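Me: Please take a close look at the salt bridges in this model. Which residues pair up, and how buried or exposed are the partners?

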Amino acid sequence: MSFDLIIRNATLPDGQTGIDIACRDGTIVAVERAIASEAGRVIDASGRLVSPPFVDCHFHMDATLSLGLPRLNISGTLLEGIALWGELKPLLTHAAVAERALRYCDLAVSQGLLAIRSHVDICDDRLLAVDALIEVKRKVAPYLDLQLVAFPQDGYYRSPNAADNLKRALDKGVEVVGGIPHFERTMADGARSVAALCAIAAERGLLVDMHCDETDDPLSRHIETLAYETQRLGLGGRVAGSHLTSMHSMDNYYVSKLLPLIAEAGVAAIANPLINIVIQGRHDSYPKRRGMTRVPEMRRFGIAAAFGQDCVMDPWYSLGNADMLEVAAMGLHVAQMTSREEMKFCFDAVTEAPAKIMHLDGYGIAPGCNADLIILQAADPIEAIRLKATRLAVIRRGKVISETPPRLARLDLPGRSPQLDTADYAPGH
Ligand code: FE2
């Protein structure tokens, strides 16, 4: 029996070592020790970590790489970011949005990031960004899964035509229903928007992913309504609340009631550590709140949680590099998830967990899964996070689509080895 590709001597994210992975016709067909067979290409992983690709379940591809257009965010707040995006929107062109998105997808591929859920603003009556990203989704489909969320950035009720535009976007093929209840004019309107948007998703059989309670106001409790509507409409397992930063500041007694409700409803949580840590707490003096939602506590209640990138070089965030290991590292630090088990979870939070939230088909390392894999210059998931490990090879449907040479320093020190591989510092090496 022959294969298109065999990766030999891999360490898997679950800790198994010395594993060979054989792929044929774009699919993983065997995952076992010492596969004795021929292959069109054989890659020796040399004991390094081989993982399914990174997944980003929260991004804004219509805004990415627009940093400085038409100006920079001076205050660094969410609200100035939204205002700045409002200034940029009328200036957008289809070609410019598509070009920036395609450039970001190139970067994503080089970082082993092969599935992205992107919100797309539907408040511009032209739906220009929607059309541009639908075109990009089609173009990148051979190498990257792009899932689009209809996102009423200026408010489902607060923006005059958002309700109509959202339906038009869904009719064009946008597959997830978004929302932003904390940006509506009143708490009551926010709650109404959650109910209306969940009803649309239920009627159309779509997933839901709302920006929910992205504020430091402990009384912003739209997650409660999102959990309630999810349960009432039988949408469990199909709904995510993104950000949920108000939970950071909520009263502990209320949270002790809320967490079981979220778990019971089957609502997933998506934290965006890089953005939360720079945007939340902006109105505080000292101490400044971190603002990220309560991920360790959610895990204790069995709530599915993942980390997203949210922004790269746009009106809200000037940095970022499509590096989901940077996202995982920030989440780990902000939530103080430093036990071995918690650090491994932080790797899952940018791979397996978001893949489940996005309902990706064929994700994973097992016979029958898509032959989508990354080889990292690291021995295990914790080391991958620690080193922001180099993506030595990125494989899509059994074909290498990106390669990066290992990071090695050349030293000139008396009596010392001339070559330093940072991964050699891992325990057990
Ligand atoms: Fe976002």
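Reply: Asp284 is buried in this predicted model. Its relative accessibility is 15%, under the 20% cut-off for a buried residue. The partner is Arg289. Their side chains form a salt bridge, with N to O at 2.6 Å. Arg289 counts as partly exposed, at 31%.

This pair belongs to a longer list: the whole structure holds 22 salt bridges. Side chains of opposite charge can pair when their charged atoms come close.

Now take Asp372 and Arg397. Their closest N and O atoms lie 2.4 Å apart, in a salt bridge. Asp372 sits in the loop between helix H13 (352-357) and strand E14 (373-376), and Arg397 in the loop between E15 and strand E16 (399-403), so the bridge ties together parts 25 residues apart in sequence. Asp372 is buried, at 7% relative accessible area. Arg397 is partly exposed, at 33%.

Asp145 and Arg396 make another salt bridge, at 3.2 Å from N to O. Asp145 belongs to strand E8 (residues 145-151) and Arg396 to strand E15 (residues 391-396), so this contact ties together parts 251 residues apart in sequence. Here the acid is partly exposed: Asp145 has a relative accessible area of 28%. Arg396 is buried, at 4%.

These two pairs also belong together. Asp145, Asp372, Arg396 and Arg397 are linked in a network of salt bridges. Within that network, Asp372 and Arg396 are buried, while Asp145 and Arg397 are partly exposed.

Notes. Residues are numbered from 1 along each chain as its sequence is written. This is a predicted model: local features need pLDDT of at least 70, side-chain atom pairs count only at pLDDT 80 or more; totals for chains, interfaces and linings use all residues. Side-chain values use heavy atoms; hydrogens and water are left out. A salt bridge is a side-chain nitrogen of Lys or Arg within 4 Å of a carboxyl oxygen of Asp or Glu. Helices (H or I, at least four residues) and strands (E, at least two) are DSSP runs, numbered from the N terminus. Buried means under 20% relative accessible area, exposed over 50%, partly exposed in between (1.4 Å probe, protein chains only).
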